[in-house]
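Got the model open? Here are a few exercises to work through, each with its solution.

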Amino acid sequence: MRCLVVGGGITGLAAAWEATRLGHEVSLVEASDRFGGKVSTEVADGFTIEHGPDSFVAYRPAGLRLVDELGLGDQVQAVTGQRTVYLRAEGKLRPLPQGMGMVLPTRLGPFVTTRILSWPDKLRAGLDLVLPRLLGEEDVAIGAFLRRRLGAGIVTKFADPMVGGIYGASVNDLSLDAVLPSLRENEAQYRSLMLASLSQGRAARAQATGGRGPSSPFRSLTGGLETLVTALVAALREAGAALHPSTRLDSLADVDADAVILAGGVESSAVLLRGPAPEAAGALSGIPLSSSTVVTLAYPESAFREPPTHHGWLEAGPAPVSGVTVSSAKWPGRAPGGSVLLRGFVPARLGAIADAADADLQARVIEHVGTVMGITGDPSLTRIARWQGVMPSYTVGHQGRVAAVEHGLAGRPRWRVAGSALHGVGIPDCIADGRAQAAAALADR
Ligand SMILES: Cc1cc2nc3c(=O)[nH]c(=O)nc-3n(C[C@H](O)[C@H](O)[C@H](O)COP(=O)(O)OP(=O)(O)OC[C@H]3O[C@@H](n4cnc5c(N)ncnc54)[C@H](O)[C@@H]3O)c2cc1C
């Protein structure tokens, strides 16, 4: 069959890869002059700079599976050393307690002794142990649910910085069922979320080798994540797929293909489906989109009182960034010797700062990072990457919108929407979804 893929981000490329491997004729159109979409690595002055994602998780197998299929297995990087991440609350940087998951501790000791939470916060969290089950059938906001079970401390100091940072929205808006369905399962099975997390942590540690506990799940590639895109594009071309950069598809009306994979994102897919599948288009338009800006800064080590060895921090209070990654400490080979590479995140939820012009935004981030890290002098390299209105937020009711998109396309089983719009924003989710949708669109009927 002839398969058209719209969008050459990681989802579209993965869909094209699956379709090619299944023996179909593939063409892919990409509006911009480069492939990869949000996966974007720049090499400059000896620095390897990630403008979008900097890693993918190993526990969702689709990422590493694709890496292996492309022969990149020997280029996989794990984060350097122990994963030390801080949380900045009330002006102080404190290490995240060992064994802290996205929201809940998997070890009791470090949670009880952490100074990130006050004693009233900890006692309130302990109430979870005795509370009855609280969830009904309806989807709820993660923040509201956690506040009732564990109290406000856990929400503002852990859940919002960690989950909000990944999903580009506040936990007060994000959907429990779409983002953290395991919390619903855990409440159903264990009643107490704390007991569930501690018990799962014990089981994971028992499985981990050598008693060292599970290491960081984050992976990247030597040369940055765009290495994956470059290899995938080369492999697709070698396999005979026709890849067309600088080609935007504006309408599905005259498309001459047996199957169509829409991997251009929420807005692009909504526009293309507006005429032929209005119900699906309407449901897609109901998915809120958020924005984020990544500010990259490089300094000589001599600008620091002590060069940082930790991997960065998350902000749990008002600040011009939601977090900072020390890329040169987190990954091997990202900065020339004697240099430090940092990235700060300025998501739209921080308010006015996110809308500031480049110079102003950069100056505010430089000032803040400089104060927190004790930096003197100016950065030797700066970059700003703006991701404007392109990050889907899985807010309460998201699963209903997913069902409506799927219902709206039920009459056209060979047209599929794939990628971060519906089933997960992480790179392995996008790869898995791209491949699954391609296989489903091209299945024998
Ligand atoms: C700052 C940032 C940091 C992130 N960090 C991480 C991380 O560390 N780990 C992780 O797993 N995930 C991370 N993510 C999420 C992840 O990067 C994305 O969810 C994923 O890359 C989305 O891939 P995609 O192919 O679905 O969409 P995109 O990358 O957006 O690609 C869509 C492509 O389609 C093209 N297109 C759109 N419409 C059309 C059309 N009509 N015709 C032709 N082409 C079209 C676009 O030009 C674009 O290239 C991050 C995202 C951002 C923005």
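## Domains, ligand shell and sheet

The domain assignment splits the chain of this predicted model into domain 1 (2-39 + 226-288 + 394-441), domain 2 (96-209) and domain 3 (289-392).

**Exercise 1.** Work out how domain 1 and domain 3 meet.

Start with the centres: over C-alpha atoms, those of domain 1 and domain 3 are 32 Å apart. Next, look for C-beta atoms within 7 Å of each other. That gives 10 residues of domain 1 in contact with 5 residues of domain 3. On the domain 1 side, the touching residues come out as 6 nonpolar, 2 polar and 2 charged.

**Exercise 2.** Find out where the ligand lies relative to domain 1 and domain 3.

First, pick out the residues that come nearest: of the 36 around the ligand, these are Gly7, Gly9, Gly37, Pro53 and Gly264. Then sort the shell by class, and you get 16 nonpolar, 16 polar and 4 charged residues. Now check the elements: helix H1 (10-21), strand E12 (289-300), strand E16 (381-392) and helix H17 (427-441) each put in at least two residues. Domain 1 and domain 3 both contribute to the shell, so the ligand sits between them.

**Exercise 3.** Trace the open sheet that holds 5 strands.

Read off the order, E10-E2-E1-E11-E17, with parallel pairing. At the edges you'll find strand E10 (242-244) and strand E17 (415-417), each paired on one side only. From one strand to the next, the twist averages 15°. Finally, zoom in on strand E11 (residues 259-262), joined to E17 by 3 bridges. There, Ile261 has Arg416 of E17 as its bridge partner.

Key:
Residues are numbered from 1 along each chain as its sequence is written. This is a predicted model: local features need pLDDT of at least 70, side-chain atom pairs count only at pLDDT 80 or more; totals for chains, interfaces and linings use all residues. Two strands pair if DSSP finds at least two bridges between them. Helices (H or I, at least four residues) and strands (E, at least two) are DSSP runs, numbered from the N terminus. Axes are lines fitted to C-alpha atoms, for helices over the stretch in contact, and angles run from 0 to 180 degrees between N-to-C directions. A residue is near a molecule or strand if its C-beta atom, placed from the backbone, lies within 6 Å of it. Ala, Val, Leu, Ile, Met, Phe, Trp, Tyr, Cys and Pro count as nonpolar, Asp, Glu, Lys and Arg as charged, and the others, Gly among them, as polar. Domain bounds come from an automatic or database domain assignment. Two residues are in contact if their C-beta atoms, placed from the backbone, lie within 7 Å.
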